[in-house]
Amino acid sequence: MSFEMTKGLFKYDFTDQHAILGVPLDAEFSDIRKRYMKIARRLHSDTCSFEDQADKDWANQFLSKVVNPAYNKFSKENDRKEYNLLLAAIGKRVLKEQAKMQVESAAAKELTTAKDLEEAYKTAVAKLALKQYESVEETQDAIAQISELNMVYLLRKERLGGAVGTGSPAKIATPTTTPKKPPVTPDTATPAQPPERKVPLRDSLADRSCIRAQGFMDSKNYAKATLELKEALKREPKHSKSHGLLAMCYFQQNQATMAKLEVQKALASNPEEPTALEVKKKLEQPAASGAKDKKSEDKLGAFFGSLFGGKKK
């Protein structure tokens, strides 16, 4: 079964988990959970009301392969933070590439000119979500339309200078009057001071974090290395070496999208950053034939078995 989606934010090599669950981009986790439970009841094999067996099989597969991973992305704090970082980066990319953006659905076209952006956006998403999982045919079409709404919403928010979930645009600084300085006379002039000599600093805290992170990476403990590098970037957000090593950590953990994001940040600060260039080269190489991602068994199976009263057959 193919669940490929290519419209809206999906066109940017991004999995739009909000669109899959039919919730707005600023939805609270409690609302996301309620929505997920409703979808799960609709698609789970024990409670699915689809009459055709093929449709029931599709629903069960879509729940386990698409809906459950979307919900898991929000239910874990670290995953949620990474997803929000990606979403912010996608918003900037949509703004940068807006000239090439194509909007197909009527709902998204109306949102491009809606006066009350927040109200129009949430109303449109809610309307599509009502029938999103009523049938196999409607599901992926609704997801595509909601993702187009998300794309237009992100674009308009970026134009206003506001982050997702906030309606206030960036503040514009007002000019202030600078008091005039009195003219310098020979009596008031001070002797010229020699230029201050800058003493080169030794390794910064971020550099030391990189050394520790490299040690973790050498022992293949990429999780600890990632935490070390994130702490370094809190202190020095534009530290190119930290971004480069973090990109390698994400690459080694099969998180290609996050790796690409860190490569871009590293090269923006230092176009010659060696680790970032190495990761970039690896990402551009075609995946080895026959390589497959190993995913852990869905942990929610037992939960749904008890929730819906299902029995193993």
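The legends below describe an overview and several close-up views of a predicted model. In this model, local features need pLDDT of at least 70 and side-chain atom pairs count only at pLDDT 80 or more, while totals for chains, interfaces and linings use all residues. Residues are numbered from 1 along each chain as its sequence is written, and side-chain values use heavy atoms, with hydrogens and water left out.

**Figure 1. Overview of the protein chain, with 13 helices and zero strands.** Helices (H or I, at least four residues) and strands (E, at least two) are DSSP runs, numbered from the N terminus. Read from that end, the elements run α-α-α-α-α-α-α-α-α-α-α-α-α. The chain has 313 residues, of which 37% count as buried; buried means under 20% relative accessible area, exposed means over 50%, and partly exposed lies in between (1.4 Å probe, protein chains only). About 20400 Å² of the chain is exposed, and carbon and sulfur atoms supply 52% of this area. Accessible areas come from the Shrake-Rupley method with a 1.4 Å probe, and for residues only the protein chains shown count as cover. Of the contacts (heavy atoms within 4.5 Å) between residues at least 6 apart in sequence, 66% join residues at least 24 apart.

**Figure 2. The largest nonpolar core, with 75 residues.** A nonpolar core is a set of buried Ala, Val, Leu, Ile, Met, Phe, Trp, Tyr and Cys residues joined through side-chain atoms within 4.5 Å. In soluble globular proteins, nonpolar side chains tend to be buried together. The members that touch the most other members are L9, L21, L43, F62 and V67. Neighbours within four places in sequence aside, the contacts of L21 are I32, R35, Y36, I39, V67, A70, Y71, F74 and Q132.

**Figure 3. Aromatic pairs of Y71.** The whole structure holds seven aromatic pairs. Rings of Phe, Tyr and Trp (its six-membered ring) pair if their centres lie within 6.5 Å; planes under 30 degrees apart count as stacked, over 60 as edge-to-face and the rest as tilted. The ring centres of F29 and Y71 are 6.0 Å apart and the planes meet at 20°, so this pair is stacked. F29 belongs to helix α2 (residues 29-43) and Y71 to helix α3 (residues 53-75), so the pair ties together parts that are 42 residues apart in sequence. F29 is partly exposed at a relative accessible area of 32%, whereas Y71 is buried at 9%. Y36 and Y71 are also stacked, because their ring centres are 4.0 Å apart and their planes are at 5°. Y36 lies in α2 and Y71 in α3, so this pair ties together parts that are 35 residues apart in sequence. Y36 is buried, with a relative accessibility of 1%. Elsewhere, F14, F74 and Y83 form one aromatic cluster.

**Figure 4. Helix α8, residues 205-218.** The helix has 14 residues, and at 1.5 Å a residue it should span 20 Å, which agrees with the 20 Å between its end C-alpha atoms. The expected span is 1.5 Å times one less than the number of residues. Buried residues in α8 are A206, S209, C210, A213 and M217. They cover an arc of only 105° around the axis, which puts them on the same side of α8; the arc is that of the directions from the helix axis to the C-beta atoms. I211 and D218 are exposed on the other side. Cover for the buried residues includes α9 (222-235) and α10 (240-252).

**Figure 5. Surroundings of C210 in helix α8.** C210 is buried, with a relative accessible area of 2%. Outside its neighbours within four places in sequence, C210 contacts L229, H239, K241, S242 and L245. The C-alpha atoms of C210 and K241 are separated by 7.4 Å, although the two residues are 31 apart along the chain.

**Figure 6. Surroundings of N150 in helix α7, residues 136-160.** N150 is buried at 0% relative accessibility. Beyond its neighbours within four places in sequence, N150 is in contact with L9, D16, H18, A19, L25 and Y121.

**Figure 7. Positive phi at D13 and K220.** Most residues other than glycine have a negative phi. The phi of D13 is near 55°, and D13 lies in the segment before α1 (17-21). D13 is partly exposed, with a relative accessible area of 47%. The phi of K220 is near 65°, and K220 sits in the loop between α8 and α9. K220 is exposed, with a relative accessible area of 63%.
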